[in-house]
Amino acid sequence: MHPLESAVSLRDLVKTFGSFRAVDGISLEIPRGIIFGLIGPNGAGKTTTIRMILDILRPDSGEVRVFGLPSGRQVKDKTGYLPEERGLYRKTKVLEMLEYQGAIRGASPAQARREAAGWLDRLDLGDWKSRKVEDLSKGMQQKVQFIGAILGKPELLILDEPFSGLDPVNQDVFKDLMLELNRGGASIIFSTHQMETAERLCKQIALINRGRVVLEGPLHQVKARFGKNSVLVEFDGDASFLQTLPGVARVDDYGGYREVRLQNGADPQAVLRAAVERVIVRRFEIVEPTLHNIFIEQVGGQTHHA
Amino acid sequence: MHKLLMVIRREYLERIRKRSFWLGTLLLPLLMVGLVVVQVLLADVETGKQRKIALVDGTGRLAATFMSKLGEEKNKDGASSYSVEVVPVKGSVEETRGALEPRILSGDLYGVITAGDDVDATSNFRFYARSVGNVFALKALQRALRESVVGLRLEKSHLDVGAEELKKLLAPVEMESFEVKEQGQAKKRGFDEAYFGTFAFVMVLYMALLLYGVAVMRGILEEKSNRIMEVLLGSLTPDELMTGKILGIGLVGLTQMAIYIASVALLRLYVGMAALQAGWTGALDTISPSKMAYFCIFFLLGYFLYTSMFAAVGAVCNSEQEAQNLQSPLVMCLVVPMVMTFFFVANPDSPAAVIASLIPLFAPMVMFMRIMILTPPFWQIALSILLLIVTIYFFFRGVGRIFRIGVLMYGKRPTVPEILKWARG
């Protein structure tokens with residue numbers, strides 16, 4: 001892919017803290033206009049990578065380009081950033097807080113105020129504009145933080161674990177907003193260790209572990225690479241036999257159903273036959289592996305994941 | 001530039017809108033004036049009382065003159081400040097004095113003066129009191145005693161001098177002091193006036209540097225502990241954030257100084273004429289426009305120097321408790337020149353004062369003191385300012401590097417050598 005088509009292009013990025021290599025030679029092309037998932041376990045180097053994209057940290061070596069430009073001041077104006085560690089001035093009024101966030105991204109205070117007021121109204125916080133941040137509930141503060149990140153219609157939106165700590169209602173609000181902004185043309189980098197969300201939202205992903213890219217590409221390609229060798233089984237009866245069947249790599253129990261990952265070349269029909277003999281099968285489906293399972297396979301065992 | 005302005009704007013408005021800013025701005029001068037007034041009132045109450053002095057006179061001939069001389073000390077109502085009780089010597093002078101001790105301790109007597117019979121001997125005259133700290137009282141007693149003793153000594157030397165003659169001989173020699181700054185412009189000024197005038201301004205300078213330095217440090221600590229730092233750094237460079245904060249809070253400081261200087265200027269206009277007539281020019285000279293200009297210059301330079309260091313402390317610490325230890329050397333650098341004000345005011349041209357006024361860490365306060373007392377050679381002022389500016393430039397660069405690394409670090413505070421390593425980049 002040509003770098004000019006990329007929203008973000010990283011080449012051989014390295015960052016060490018003391019003797020710890022947080023980012024160990026990451027190269028990535030993140031295309032424009034899509035939601036890109038930066039996934040990986042805690043401590044994999046996601047946040048450090050993001051900080052280098054935004055010039056908050058300087059890489060030891062390697063190159064960052066955003067929309068073809070070297071990382072730096074211009075990049076910050078085009079980028080909205082919601083860090084994982086996010087806060088607000090507690091004693092400041094909500095609208096003033098957002099006015100400031102808009103203003104430091106290049107808007108005039110009046111402009112920023114107008115835009116922020118519009119978003120606050122839309123997210124049902126219209127009555128809270130002149131209240132202090134500390135008077136808001138946690139969920140409300142999260143909305144304010146999100147508005148702060150999207151003020152000024154950034155071309156690139158970087159969201160680091162945007163859903164952590166959100167209640168389901170707000171999760172939906174944020175997800176819809178993300179999709180809406182993406183439809184409006186914003187490129188979005190979405191960093192998370194929640195595989196289900198990444199799978200639902202991202203068109204393309206990069207799996208990072210121990211400072212390196214382990215897997216990358218469009219989601220369907222990544223999955224295809226792992227083949228259609230998973231089976232969903234829903235049944236009544238004792239499931240312990242599944243683990244003992246020949247050709248079964250692993251079994252994940254999801255309560256209602258089990259996901260059986262097969263070894264390469266194993267025959268799903270054999271699993272079905274074996275199951276029918278022992279239990280009452282209510283559902284049997286050959287599927288692509290979930291991102292979750294790919295993640296566990298790639299990372300599992302090496303690192304504790306949350 | 002826009003971003004920097006926006007940071008300055010926020011830091012400025014945020015503070016200037018607070019009620020505490022205005023309360024502090026108004027209360028500080030009121031407090032200082034109040035303290036002075038209370039002290040004067042208290043001193044008045046004390047001097048209003050008549051003090052009883054016992055005289056144990058071994059010569060047997062001092063009493064009359066001493067009583068009349070001490071009787072000349074009047075309080076502001078015209079009554080005598082002292083009453084003298086002449087205690088006849090029983091046994092030795094020392095025994096007599098010992099017998100008076102209970103009355104000193106009970107507060108009946110303010111003090112006891114003993115005189116041995118040899119008026120020429122050293123340590124012939126002694127003063128015993130519960131407290132000997134009252135300089136004014138000691139001076140008055142000493143004067144009365146000296147004048148009475150000189151009479152005795154003259155007599156002993158067989159010089160017969162009449163009472164009138166003696167009074168003339170002993171008439172006090174007063175010396176008035178004048179400051180020479182420009183040709184033909186000598187101004188009457190006393191040490192007390194110079195000292196207290198200077199001390200008041202140095203005190204304001206010290207408090208302002210400390211308060212605003214700590215304000216910058218607190219602001220950074222707040223942004224760290226609220227986890228807002230990274231949100232801001234998504235849009236701002238660390239330099240913009242740090243510089244904006246320092247300039248914004250500096251502007252708050254300047255606003256406060258401007259309020260003070262404007263009120264002093266108004267006061268000057270208002271009482272100026274009356275003061276000139278009263279010959280009270282020395283005090284007015286302390287607040288001349290050129291001195292106020294120097295005050296602002298050294299406040300600003302000192303502010304940039306110290307806040308950059310306070311900003312570094314804020315950047316590497318996680319809490320105010322942690323910052324306490326690191327900031328104490330900075331506070332010491334401010335305290336040392338302040339407590340040495342007396343020395344610098346008394347010896348503004350001494351090598352120590354000249355050197356201290358050129359060392360950037362002390363320069364803002366010491367050079368300002370020297371300017372208040374005398375006009376130092378222009379090259380010294382210029383060199384001091386130049387050295388300050390150069391130091392500030394390097395400090396800002398080093399602190400900028402510390403800031404960039406420090407603000408996103410949580411957890412263990414780095415050691416001082418580590419911090420210095422960051423500063424070198």
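Me: Why is B:Arg370 called buried?

Reply: Buried means a relative accessible area under 20%, exposed means over 50%, and partly exposed is in between (1.4 Å probe, protein chains only). B:Arg370 has a relative accessible area of 1%, so it counts as buried. Please keep in mind that this is a predicted model, in which local features need pLDDT of at least 70 and side-chain atom pairs count only at pLDDT 80 or more, while totals for chains, interfaces and linings use all residues. Residues are numbered from 1 along each chain as its sequence is written, chains are lettered from A and ligands numbered from 1 in the order in which they are written, and side-chain values use heavy atoms, leaving out hydrogens and water.

Me: Why is B:Asp349 called partly exposed?

Reply: Its relative accessible area is 49%. That value falls between the two cut-offs, so B:Asp349 is partly exposed.

Me: How do you know that B:Arg370 forms a salt bridge with B:Asp349?

Reply: A salt bridge is a side-chain nitrogen of Lys or Arg within 4 Å of a carboxyl oxygen of Asp or Glu. For B:Arg370 and B:Asp349, the closest N and O atoms are 3.3 Å apart, so the pair passes. B:Arg370 lies in helix H15 (residues 363-373) of chain B and B:Asp349 in the loop between helix H13 (341-346) and helix H14 (351-356), so the bridge ties together parts that are 21 residues apart in sequence. Helices (H or I, at least four residues) and strands (E, at least two) are DSSP runs, numbered from the N terminus.

Me: Which other residue is found in helix H15 of chain B, and why is it called buried?

Reply: B:Met367 is found there. Its relative accessibility is 0%, so it counts as buried. Contact means heavy atoms within 4.5 Å. Leaving aside residues up to four places away in sequence, B:Met367 touches B:Phe298, B:Ser357, B:Pro376, B:Gln380, B:Ile381 and B:Ser384.

Me: What makes B:Lys245 and B:Glu223 a salt bridge?

Reply: Their N to O distance is 3.1 Å, so they satisfy the limit. B:Lys245 sits in helix H9 (residues 238-277) of chain B and B:Glu223 in helix H7 (residues 191-225) of chain B, 22 residues apart. Both residues are buried.

Me: Which residues belong to a network of salt bridges with these two?

Reply: B:Arg10, B:Glu11, B:Glu14, B:Arg15, B:Glu223 and B:Lys245 are linked. One of the bridges joins B:Arg10 and B:Glu11 at 3.5 Å, N to O. B:Arg10, at 11% relative accessibility, counts as buried, and so does B:Glu11, at 0%. Over all chains, the whole structure has 40 salt bridges.

Me: How do you know that chain B and chain A touch?

Reply: The contact takes 27 residues from chain B and 30 from chain A. Buried area is the accessible area (1.4 Å probe) that two parts lose on being put together, summed over both. For this pair the value is about 2,700 Å², with 51% of it on carbon and sulfur atoms. In chain B, B:Arg10, B:Glu230 and B:Arg404 lose the most area to chain A, together 22% of what that side buries.

Me: How many salt bridges are there between chain B and chain A?

Reply: The count is five. Among them, A:Glu96 pairs with B:Arg17, the closest N and O atoms being 3.3 Å apart. The elements giving two or more residues to the side of chain B that touches chain A are helix H1 (2-16), H7, helix H8 (229-233) and H9 of chain B. H1(B) gives the most, with eight residues.

Me: Why are strands E6 and E10 of chain A said to stand at the edges?

Reply: Two strands pair if DSSP finds at least two bridges between them. Six strands of chain A form an open sheet with mixed pairing, in the order E6-E7-E8-E3-E9-E10. Strand E6 (79-82) and strand E10 (212-218) each have a single partner strand, so one side of each is left without a neighbour in the sheet.

Me: What makes strand E7 and strand E8 of chain A a pair?

Reply: E7 (residues 156-160) and E8 (residues 187-192) share five bridges in the parallel sense, so they meet the requirement of at least two. In E8(A), A:Ser191 is the bridge partner of A:Asp160.
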